[in-house]
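Me: I have a two-part question list for this one: the overall build, then the packing. Can you walk me through it?

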Amino acid sequence: MRQILEIIDLSHNFGGLRAVSDFSLTVGEGELVGVIGPNGAGKTTIFNLITGVFRIAQGRILYQGEDITQWLSNRITAAGIARTFQNIRLFKDLTVLDNVRLGAFSRHRYSLMESLWRSSNFREQEERLTRRAYELLERFQVAHYAGVPARNLPYGEQRRIEIARALISQPRLLLLDEPAAGMNHAEAEELIRLIRELKEEFSLTILLIEHQMRVVLNLCQRVTVLDFGETIASGPPQEIHHHPAVLEAYLGRDI
Amino acid sequence: MLQLLAQNVLNALQLGSVYALIALGYTMVYGILTMINFAHGDIFMVGCYLSLAAAAFLLGWQANLPLPLVFTAALLFSMVLTALLGVTIERLAYRPLRQAPRVSAVITALGVGLFLENFTLAILGPEPRQFPSLIAMTPWEVAGLTVTPLQILIVLLAGALMVLLDLLVRRTLLGMAMRAISYNRPIVPLMGVPVDRVISITFAIGSAIAAAGGLLYGLAYPVLDPYMGIRIGWWAFIAAVVGGIGNIRGAMLGGYLLGIVEVFTPVFLPSSTYRDFVAFSLLLLLLVFKPTGLLGRPVFERV
């Protein structure tokens with residue numbers, strides 16, 4: 001199996017606080033890997049480091065064998081890494097359709113002048129893009145919201161639109177940041193099914209952060225457990241489930 | 001009476017077109033950087049001089065060149081060079097201060113404006129320059145109104161530029177990226193958008209539009225001096241705030257409104273020197289009752 005993502009000895013500090021400590025993880029092409037851990041364990045920080053939101057001071061990240069440690073976010077996205085956010089980050093005043101279209105920014109190939117003269121190349125690309133955005137909205141059963149500002153949508157729909165927005169950039173690696181946050185049992189089950197389907201449909205590799213143990217254990221082939229920035233366990237879900245350090249991190253130490 | 005009104009509305013439309021074009025630059029930069037580019041009035045002034053330079057050069061070189069050609073060449077020349085000027089200013093003066101407190105960038109902008117004024121003064125001297133007449137000023141009588149071809153050109157060209165810009169901002173990915181940056185800048189790069197390039201393009205477009213305004217203004221009010229950008233810059237700024245700063249259509253609306261204020265002040269008040277008083281009073285009143293401007297919306301969140 002080819003490696004798509006290699007994270008090597010990644011560390012990150014916020015002031016004096018060590019948010020991530022010597023984190024290493026390898027994700028193979030087509031895998032579905034989970035990172036779990038209690039709140040504040042440094043999970044989202046890792047996503048922010050992978051996608052260039054934070055500058056990396058210690059450690060390296062390779063994507064498809066290429067060192068992307070110092071790349072800017074837009075270049076990383078263009079290279080095929082897309083993500084969603086734990087607390088939804090849609091552009092709330094843009095319509096749902098525009099939110100999704102914007103996700104494809106790195107895929108457009110026309111110049112400013114062409115957009116001013118509305119050249120045929122410009123019109124064809126814009127048309128194709130809009131069609132693609134509608135297809136994705138239909139895939140997620142939210143096409144009827146296309147013209148509505150994103151802020152007016154129910155929470156669950158906003159989550160799905162974030163995934164659509166990530167997918168339109170044609171990623172090879174999709175990072176999902178707590179996709180089940182705020183969902184009840186039935187909704188989480190539904191989400192697990194959706195993620196499995198998407199992985200096949202779009203031939204994705206997925207790295208997933210989750211707070212809810214159940215989602216990760218049902219979904220992922222491999223799981224890494226973080227606590228206070230440290231990797232405390234790593235392996236297939238059934239092993240992780242009974243790992244003493246994991247139980248301790250989640251349930252607290254026995255008295 | 002009705003005729004007088006119609007005539008004044010026509011004049012207001014002409015002047016308002018120029019204010020609107022300049023106001024767009026203020027509002028675009030504010031929208032994307034939440035910063036008032038106080039050098040923008042002087043960028044307009046430079047654009048005006050650049051079109052004068054191009055027109056004077058072409059006419060001096062070949063006196064019998066067709067005037068529409070001279071006009072078009074001067075327009076393109078000044079739009080391109082002024083766009084470069086705007087991009088350079090952003091790159092050298094504002095970008096290094098991107099992370100600094102907002103007030104640093106605003107003071108820098110004032111400094112850049114002073115620099116542009118004094119640089120022009122140093123090169124060209126203080127004496128006003130006459131803008132050559134490129135478009136016929138011979139008035140037509142239409143239904144009792146006096147209309148010049150220049151007036152029609154100004155209103156139509158300004159309108160066309162505004163429609164083009166509106167389409168760009170509303171309908172293209174680039175425009176969406178601009179709006180997205182103004183809503184939630186930190187996550188825009190994650191959409192694959194090169195934010196610095198979009199900001200450069202915003203300055204280029206805003207400055208080029210101001211240059212077009214500069215040429216049109218020079219043709220209509222053909223006396224240029226290095227300080228002309230100050231008053232017009234202030235008026236365009238008021239226009240942008242009145243319309244709702246950050247809002248493109250608001251800037252257009254505000255521009256035309258201020259055109260009306262300027263043209264109608266001497267109709268109702270004893271002298272046109274009251275115009276600044278009226279414009280700033282309007283601004284103050286509006287800020288009291290609708291602080292976000294006519295078309296502006298309150299900002300709910302900043303991430």
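**Chains, domains and helix packing**

Reply: Start with chain B: its secondary structure comes to 10 helices and four strands. Keep in mind that this is a predicted model.

Me: In what order do the elements of chain B run from the N terminus?

Reply: The order is α-α-α-α-β-β-β-α-α-α-β-α-α-α.

Me: How does the radius of gyration of chain B sit against the globule rule?

Reply: The radius of gyration is 19 Å, and the globule rule gives 19 Å for 303 residues, so chain B is as compact as a globular protein of that length. Its C-alpha atoms fill a box of roughly 55 × 50 × 35 Å along the principal axes.

Me: And chain A, how many helices and strands?

Reply: Chain A has 10 helices and 10 strands. Its radius of gyration is 19 Å, close to the 18 Å from the globule rule for 255 residues, so chain A too is as compact as a globular protein of its length. The box for the C-alpha atoms of chain A is roughly 70 × 40 × 40 Å, again along the principal axes.

Me: What domains does the assignment give for chain A?

Reply: Domain 1 covers 1-80 + 171-255, and domain 2 covers 89-168. The centres of the two domains of chain A, taken over C-alpha atoms, are separated by 27 Å.

Me: How many residues of each domain of chain A are in contact?

Reply: Nine residues of domain 1 of chain A contact six residues of domain 2 of chain A. On the domain 1 side, helix H2 of chain A (residues 73-79) gives the most, with three residues. That side of domain 1 divides into five nonpolar, three polar and one charged.

Me: Switching to the A–B contact. How many residues does each chain give?

Reply: Chain A gives 23 residues and chain B gives 19 residues. On the chain A side, the elements with two or more residues are H2, helix H3 (96-102) and helix H4 (112-117) of chain A.

Me: Which element gives the largest share of the chain A side?

Reply: H2(A), with four residues. H2(A) also gives the most to the side of domain 1 of chain A that touches domain 2 of chain A.

Me: What's the class mix on the chain A side?

Reply: The side of chain A that touches chain B has eight nonpolar, nine polar and six charged residues.

Me: OK, helix packing in chain B. How do H5(B) and H7(B) cross?

Reply: H5(B) spans residues 149-171. Its axis and that of H7(B) come within 10 Å and cross at roughly 175°. That makes H5(B) roughly antiparallel to H7(B).

Me: Which residues meet there?

Reply: From H5(B), Leu150(B), Ile154(B), Leu157(B), Ala158(B), Leu161(B) and Leu165(B). From H7(B), Ile205(B), Ile209(B), Ala212(B), Leu216(B), Leu219(B) and Ala220(B). By class, this contact has 12 nonpolar, no polar and no charged residues.

Me: H7(B) meets H6(B) as well, right? At what angle do the axes of H6(B) and H7(B) cross?

Reply: Roughly 105°, with the axes of H6(B) (residues 173-184) and H7(B) (residues 195-220) coming within 10 Å. H6(B) is therefore roughly perpendicular to H7(B).

Me: And which residues make that one?

Reply: Leu174(B), Ala177(B), Met178(B) and Ile181(B) in H6(B) meet Val195(B), Val198(B), Ile201(B) and Thr202(B) in H7(B). The split is seven nonpolar, one polar and no charged.

Me: Last pair. How do H3(B) and H4(B) cross?

Reply: H3(B) is residues 67-94 and H4(B) is residues 102-124. Their axes come within 11 Å and cross at roughly 130°. H3(B) and H4(B) are therefore oblique to each other.

Me: Is the crossing left-handed or right-handed?

Reply: H3(B) passes H4(B) in a right-handed crossing. Ile89(B), Ala93(B) and Tyr94(B) of H3(B) make the contact with Ala105(B), Thr108(B) and Val112(B) of H4(B). The residues there divide into five nonpolar, one polar and no charged.

Technical notes
Residues numbered from 1 in each chain as written. Chains lettered and ligands numbered in written order. Predicted model: local features only at pLDDT ≥ 70, side-chain atom pairs only at ≥ 80, totals over all residues. Axes fitted to C-alpha atoms, helices over the stretch in contact; angles between N-to-C directions. Parallel < 35°, antiparallel > 145°, perpendicular 65-115°, else oblique. Left-handed = near helix turned anticlockwise from the far one by under 90°. Contact = placed C-beta atoms within 7 Å. Nonpolar A, V, L, I, M, F, W, Y, C, P; charged D, E, K, R; others polar. Domains from an automatic or database assignment. Rg over C-alpha atoms; globule rule 2.2 N^0.38 Å.
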